[in-house]
Each structure stands twice: as structure tokens, then as C-alpha cells.
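Student: Hi! I have a new model open and would like to talk it through with you. Can we go piece by piece?

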Amino acid sequence: LQGHKFLVVGAEHIDRYGHVNYKAVPGMLEPHQDALLSSRKVSFEGIARQLGLKSFVRRLETIYSGELKEGNMCEVMTQLTLGETSMTFVQSVDRDGAPVLRFTMVVVMVDEAGNKTPLPEELRKQLS
């Protein structure tokens with residue numbers, strides 16, 4: 001499952017060095033993850049409400065190959081792959097056709113007791 005979107009880097013993401021702060025990256029990219037899920041009529045809130053599952057971030061990784069500065073227009077590509085108990089978002093951010101960063105986030109589904117649980121078949125179908 002893939003999605004392409006555009007992003008203009010806002011002042012709220014810039015640090016004292018004039019580029020995007022490392023702590024801002026997850027927040028900048030979350031709307032693109034949500035948009036991808038929404039295109040399949042899925043949300044983390046809906047998963048919790050309808051399936052009784054919680055989602056916890058297990059791993060975050062950001063690899064930089066350049067800087068992002070205020071006002072930069074970027075293309076964001078979001079890919080989603082499904083594991084047994086997890087969803088993995090891999091996002092690439094390109095500026096002027098060149099890669100600037102790659103972000104990976106693994107989200108694990110757990111039941112009410114906090115135990116990892118397989119993704120329900122109905123959710124897999126919606127996300128395929």
C-alpha cells in the first residue's frame with residue numbers, strides 16, 4: 001500500500017540551526033500515515049474502537065541524507081507493510097527529486113492486557 005503527498009516544511013519544525021529538528025520528524029510525517037490509512041477507511045482510533053486493539057510504537061528510525069529547511073517543498077512517499085502483529089510505515093522525503101530522509105516506524109497491535117496480537121483478517125483485507 002503506497003501513497004504520495006506533498007509537504008511544505010513549516011517554521012514550527014525548525015530548530016536553532018535552521019533545519020528540521022530530529023524530534024519534529026515523526027510529527028511532520030504522521031499526517032501522511034493517517035492519510036494512507038484513511039484512504040482504506042482505517043484509523044488507529046477505529047481499530048481501538050471496533051477491534052479493541054491498541055497500537056504501540058515499537059521502533060522509530062530516521063536516516064538523513066540532507067537537510068530540510070523552512071519553506072522547502074517536499075514529496076513524501078508512504079509505504080505500509082503488514083507483519084503478523086505489526087504494521088510498518090516506511091516513508092521517504094524527497095526535495096527537488098533527491099532523497100533527504102527515510103523514516104521507518106513499526107507499530108505493534110496489542111490486546112487489552114497489553115499482549116501482542118495478530119492483525120485481524122478483516123483489518124488485513126482493508127489494508128491490502
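Student: Is Met 73 buried or partly exposed, and what is its relative accessible area?

Tutor: First, keep in mind that this is a predicted model. Met 73 is partly exposed, with a relative accessible area of 49%. Its place is in strand β3.

Student: Which residues make a nonpolar surface patch with Met 73?

Tutor: Phe 6 and Val 8 do. Together with Met 73 they make a patch of about 340 Å².

Student: OK, stepping back. How many helices and strands does the protein have, and in what order do they run?

Tutor: There are 3 helices and 5 strands. Starting at the N terminus, the order is β-α-α-β-β-β-β-α.

Student: And what about overall dimensions and surface? What box do the C-alpha atoms fill, and how much area does the protein expose?

Tutor: Along the principal axes, the C-alpha atoms fill a box of roughly 45 × 25 × 20 Å. The exposed area is about 7,500 Å², and carbon and sulfur atoms supply 50% of it. As for the interior, 39% of the 128 residues count as buried.

Student: What share of the contacts is long-range in sequence, say between residues at least 24 apart?

Tutor: That share is 68%, counted among contacts between residues at least 6 apart in sequence.

Student: Let's go inside. Which residues touch the most other members of the largest nonpolar core?

Tutor: That core has 29 residues, and the ones touching the most other members are Leu 37, Phe 44, Ile 47, Leu 68, Met 87, Phe 89 and Met 109. The elements giving two or more residues to this core are α1 (25–38), α2 (44–51), β3, β4, β5 (98–110) and α3 (121–127). The largest share, 6 residues, comes from β5.

Student: Let me zoom in on Phe 44. What does it touch, leaving out residues up to four places away in sequence?

Tutor: Phe 44 touches Leu 37, Met 87, Phe 89 and Met 109, among others. The list also includes Asp 34, Ser 55 and Val 107.

Student: Met 87 again! Which residue is its bridge partner?

Tutor: Leu 82 is paired with Met 87, which sits in β4. More broadly, β3 and β4 pair in the antiparallel sense over 9 bridges, and a hairpin of 3 residues joins them.

Student: What about Thr 85, where does it lie? And why does it count as buried?

Tutor: Thr 85 lies in the loop between β3 (73–82) and β4 (86–95). It counts as buried because its relative accessible area is 17%, and the cut-off for buried is under 20%. Beyond its sequence neighbours up to four places away, Thr 85 touches Val 107, Val 108, Met 109, Lys 116, Thr 117, Pro 118 and Leu 119.

Student: Leu 53 caught my eye too. Where is it found, and is it buried or exposed?

Tutor: Leu 53 is found in the loop between α2 and β2 (54–64). With a relative accessible area of 7%, Leu 53 is buried. Setting aside neighbours within four places in sequence, its contacts are Ile 47, Ala 48, Met 109, Val 110, Asp 111, Thr 117 and Pro 120.

Student: How far is Leu 53 from Gly 114, in sequence and in space?

Tutor: The two are 61 residues apart in sequence, and their C-alpha atoms are 9.1 Å apart in space.

Student: Switching to charges: how many salt bridges does the structure hold?

Tutor: The structure holds 2. In one of them, the side chains of Glu 61 and Arg 59 meet at 3.7 Å, N to O. In another, Lys 69 bridges to Glu 67, with the closest N and O atoms 3.9 Å apart.

Student: Are those side chains buried or partly exposed?

Tutor: Glu 61 is partly exposed at 35% relative accessible area, and Arg 59 is partly exposed at 40%. For the other pair, Lys 69 counts as partly exposed at 40%, as does Glu 67 at 39%.

Student: Last one. Which residues does Thr 104 touch, not counting those up to four places away in sequence?

Tutor: Thr 104 touches Arg 59 and Glu 61, the salt-bridge pair, along with Leu 60, Thr 88, Phe 89 and Val 90. Thr 104 lies in strand β5 and is buried, with a relative accessible area of 8%.

Student: Great, thanks for the tour!

Technical notes
Residues are numbered from 1 along each chain as its sequence is written. This is a predicted model: local features need pLDDT of at least 70, side-chain atom pairs count only at pLDDT 80 or more; totals for chains, interfaces and linings use all residues. Side-chain values use heavy atoms; hydrogens and water are left out. Helices (H or I, at least four residues) and strands (E, at least two) are DSSP runs, numbered from the N terminus. Buried means under 20% relative accessible area, exposed over 50%, partly exposed in between (1.4 Å probe, protein chains only). Contact means heavy atoms within 4.5 Å. A nonpolar core is a set of buried Ala, Val, Leu, Ile, Met, Phe, Trp, Tyr and Cys residues joined through side-chain atoms within 4.5 Å. Two strands pair if DSSP finds at least two bridges between them. Patches are made of residues with over 30% relative accessible area and no salt bridge: like charges are joined within 9 Å, nonpolar side chains (Val, Leu, Ile, Met, Phe, Trp, Tyr) within 5 Å. Accessible areas come from the Shrake-Rupley method with a 1.4 Å probe; for residues, only the protein chains shown count as cover. A salt bridge is a side-chain nitrogen of Lys or Arg within 4 Å of a carboxyl oxygen of Asp or Glu.
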